Amino acid sequence: MKLPDNDTLVTLVERMAIGDADALGELWDQVSPWVHAALLRMLRDEQAAELLTRRTVVEMWRLAPMWDHHVGRPLLWAMANARSLGSQWLSERRRGHQEGPATAVPSKELVLDAREPASQIGAALATLGEVGHDILEAAWFSHPVAPETVRNPAPESFGPLLRDFNRALIGG
Amino acid sequence: MDRCRDLKALFPSYAAETASRSDQLRIQLHLGDGCAACAVELERLMEAFHAIPLSLKPVPTTAGSRDKLIDEVQQTSQEPLDVPVLYPETDTNRLWKVLVGLSAIAVIAVAFWGRSQTEEVTRLQSEVERTGMMGTVDTRSLERQVLELRTTLRTTANPRAQLIDLSGNGRAARLFLDPAGGVATLSAEPFGELPDGKLHHIWLVEGTDARLLGRLPPGFSQRGGQLRFQLLGEPKENVVAIITLDPSSELPNAPGQVVLK
């Protein structure tokens, strides 16, 4: 599945900014599968992932009048919102000492099954190698890293990896 | 340049929201100085960071989720754009004066940036502790500040925006008309206690035609502050504003006792 067209999303956010609820529905159709996939992988809780997917889009609706191209592409804005909400959910869960899939290292099967290596972004991440890919994902998804591949990634390795990924994205 | 080089090493952790508060502050101060090269690099890293989960296969939500979303949105009001209140002159040198005024504001803003950031850190810290979001600081507040500043510049740079001064009975008020945004902002001192059964109303007067802009809530009349009204249509250049005292029983058709003009 291809990523939604950025210009289309920009138009939808601009329509949302003037209160167009139809645009919200269209944005949901385009953005929610990506946000939902990210939150499912982050939280490993279907109910919470679906709830926070809706909250992410509601947050976009609420802030649409403030949105500007400066904030970045709408899809990335959605992902940033989703991560913020997901991190909050995880913190609450950890603070309450609730055990669950989100507090454990994800299985390799789950990690590989969720990925789409043929996509443009998947290909750019693949250039970093398996360990690099795992470190970046662990950072975004705020989950413990798999001990067999990565043990406490040092901050000095994260920076170069993110820069390499950025270069691979631009080059791709 | 040395400062750029030192700070660039911190950009990835800033993008991933794992930078320490002091590092975040150093970066924000540097960006506040207007370093465009660093701003662009940081923005790219932030975009790259949030592109990471887009390598996953998309997963549709359940069928009913879209309907639930519409219900939730109906209970959510959108964030209004704050209308800035600035006081440009309305003479032939207005553009220059506005530019000089905005430059002065920018200089003062930079001077106070450090202090306000310290307060912001304190506020964020208490917010983080309250919400339990330790380690996940929201970097969008900086972007939002930039957006608000841009909005301010856009609105005040609009040559059709007008400022009207009102005074009377030792009181003063100012009305900022933004026809492009369709908003009128009234900034006023307290008018004092209201007589029983009366409320203040604000009118736009063009020639002999008086148009009711809105009714002032009792709390506003007593305490002053800022109030926004919807501005329908573009006012003429010679428009004046008056504030009147009228019976509260119903909306007046014509201005009553003028208290400020």
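**Entry 1: Glu17(B)**

I opened with Glu17(B), which counts as buried because 22 C-beta neighbours lie inside 10 Å. The cut-off I kept in mind is 20 or more such atoms for a buried residue. A word of caution for my own notes: this is a predicted model.

Where does Glu17(B) sit? I found Glu17(B) in the loop of chain B between α2 (11-15) and α3 (21-32). I also looked up its backbone: phi is positive, about 60°, although Glu17(B) is not a glycine. I noted that most residues other than glycine have a negative phi.

**Entry 2: Arg44(A)**

I then turned to chain A and picked Arg44(A), another residue that is not a glycine but has a positive phi, here about 50°. Arg44(A) belongs to the loop between α2 (21-43) and α3 (46-63) of chain A. Is Arg44(A) buried or exposed? Neither label fits: Arg44(A) is partly exposed, because 18 other C-beta atoms lie within 10 Å, and buried would take 20 or more.

**Entry 3: Chain A as a whole**

I stepped back to see the chain around Arg44(A). How many helices and strands does chain A have? I counted eight helices and zero strands, and from the N terminus on the elements read α-α-α-α-α-α-α-α. Of the 172 residues in chain A, 42% are buried. I also checked the contacts with a separation of 6 or more in chain A: residues 24 or more positions apart account for 60% of them.

**Entry 4: Helix α1(A)**

I looked at α1 (residues 6-17) of chain A and tested its length. The helix has twelve residues, which at 1.5 Å a residue should span 16 Å, and the end C-alpha atoms are indeed 16 Å apart. Which residues of α1(A) are buried? I listed Leu9(A), Leu12(A), Val13(A) and Met16(A). These four cover an arc of only 100° around the axis, so they are on the same side of α1(A). The general rule I jotted beside this is that an α-helix has 3.6 residues a turn, so residues three or four places apart point the same way.

What do the buried residues of α1(A) pack against? I found α2, α3 and α4 (74-95) of chain A as the partners. After α1(A) comes Gly19(A), with a positive phi near 85°.

**Entry 5: Helix α7(A) and Leu136(A)**

I ran the length check again on α7(A): its 13 residues reach 18 Å from the first C-alpha to the last, close to the 18 Å expected at 1.5 Å a residue. I then asked why α7(A) can be called largely enclosed by the rest of the structure. Ten of its 13 residues are buried, so the description holds. Among the buried ones I noted Gly132(A), His133(A), Asp134(A), Glu137(A), Trp140(A) and Phe141(A). Ser142(A) follows α7(A), and its phi is positive, near 55°.

I zoomed in on Leu136(A), which lies in α7 (residues 129-141) of chain A. Leu136(A) is buried because it has 25 C-beta neighbours inside 10 Å. Which residues does Leu136(A) touch, leaving out those up to four places away in sequence? My list reads Leu125(A), Leu128(A), Leu161(A), Leu162(A), Phe165(A) and, from chain B, Ile52(B). For Leu125(A) I wrote down the C-alpha to C-alpha distance from Leu136(A), 8.6 Å, and a sequence separation of eleven residues.

**Entry 6: Where the chains meet**

Ile52(B) led me to the contact between the chains. Here I counted 58 residues from chain A and 46 residues from chain B. On the side of chain B that touches chain A, α2, α4 (36-51), α5 (65-74) and α7 (140-156) each supply at least two residues. Which element gives the largest share of that side? It is α4(B), with eight residues. I sorted the residues on this side of chain B by kind and got 23 nonpolar, eleven polar and twelve charged.

**Entry 7: The sheet in chain B**

I finished with the open sheet of chain B, where four strands stand in the order β1-β2-β3-β6 and pair antiparallel. β1 (162-168) and β6 (225-230) of chain B are at the edges; each has a single partner strand, so one side of each is left without a neighbour in the sheet. Neighbouring strands are turned by 20° against each other on average, direction ignored.

How many bridges join β3(B) to β6(B)? I found six between β6(B) and β3 (residues 183-188) of chain B, an antiparallel pair. Within β6(B), Gln230(B) is the residue opposite Val183(B).

Terms used:
Residues are numbered from 1 along each chain as its sequence is written. Chains are lettered from A and ligands numbered from 1 in the order in which they are written. This is a predicted model: local features need pLDDT of at least 70, side-chain atom pairs count only at pLDDT 80 or more; totals for chains, interfaces and linings use all residues. A residue is buried if 20 or more other C-beta atoms lie within 10 Å of its own, exposed if 12 or fewer, and partly exposed in between; C-beta atoms are placed from the backbone. Two residues are in contact if their C-beta atoms, placed from the backbone, lie within 7 Å. Ala, Val, Leu, Ile, Met, Phe, Trp, Tyr, Cys and Pro count as nonpolar, Asp, Glu, Lys and Arg as charged, and the others, Gly among them, as polar. Two strands pair if DSSP finds at least two bridges between them. Axes are lines fitted to C-alpha atoms, for helices over the stretch in contact, and angles run from 0 to 180 degrees between N-to-C directions. The expected span of a helix is 1.5 Å times one less than its number of residues. The arc is that of the directions from the helix axis to the C-beta atoms.
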